[in-house]
Amino acid sequence: MTDELLPCPSWCMDHHEPDPNYDADGGAHYSSELQVLLTLADDYFEGAVSVQANAGDQDGKRDTNIELTAPGEVWTRLTATEARQLAEHLIVVADLVDPQVAQH
Ligand SMILES: [Zn+2]
């Protein structure tokens with residue numbers, strides 16, 4: 001185990017202590033999970049889309065990312081910049097199909 005552990009990020013809601021079986025492991029940190037329940041569900045798409053920040057510490061270095069998960073065990077990891085770009089794109093296409101809300 002590394003001698004010094006990094007402090008929890010301010011958003012850490014679910015803290016995982018370092019695994020004693022791995023010397024380099026410095027623990028992991030997870031934010032609360034934000035979900036949108038999908039209403040256009042069918043057998044494949046039933047469920048929710050969720051986002052969660054997580055950080056894994058190893059050898060005194062932190063790898064932070066945003067995990068985006070969709071039904072069907074589909075998930076990927078984004079940087080903060082990519083997450084902001086995705087959010088902007090979601091607003092653009094939402095305004096295309098629902099222009100009444102776009103009057104701002
Ligand atoms: Zn933590």
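Two strands pair if DSSP finds at least two bridges between them; strands (E, at least two residues) and helices (H or I, at least four) are DSSP runs, numbered from the N terminus. The structure is a predicted model, in which local features need pLDDT of at least 70, side-chain atom pairs count only at pLDDT 80 or more, and totals for chains, interfaces and linings use all residues. Residues are numbered from 1 along each chain as its sequence is written.

**Exercise 1.** Determine which residue of β5 stands opposite Ala55, and describe the pairing of β4 with β5.

*Solution.*
Step 1. Strand β5 covers residues 61-70, and 9 bridges join β4 to β5 in an antiparallel arrangement.
Step 2. The residue of β5 opposite Ala55 is Thr64.
Step 3. A hairpin is formed by β4 and β5, with 2 residues between them; in the turn, Asp59 has a positive phi of about 55 degrees.

**Exercise 2.** Identify the bridge partners in β4 of Tyr30 and Val36.

*Solution.*
Step 1. Strand β2 (residues 25-30) runs antiparallel to β4 (residues 48-58), with 4 bridges joining them; Tyr30 has Asn54 as its partner.
Step 2. Strand β3 (residues 34-37) is also antiparallel to β4, again through 4 bridges; Val36 is partnered by Val49.

**Exercise 3.** Establish whether Val74 is buried or exposed.

*Solution.*
Step 1. Val74 belongs to strand β6 (residues 74-78).
Step 2. A residue is buried if 20 or more other C-beta atoms, placed from the backbone, lie within 10 Å of its own, exposed if 12 or fewer, and partly exposed in between.
Step 3. Val74 is exposed because 9 other C-beta atoms lie within 10 Å.
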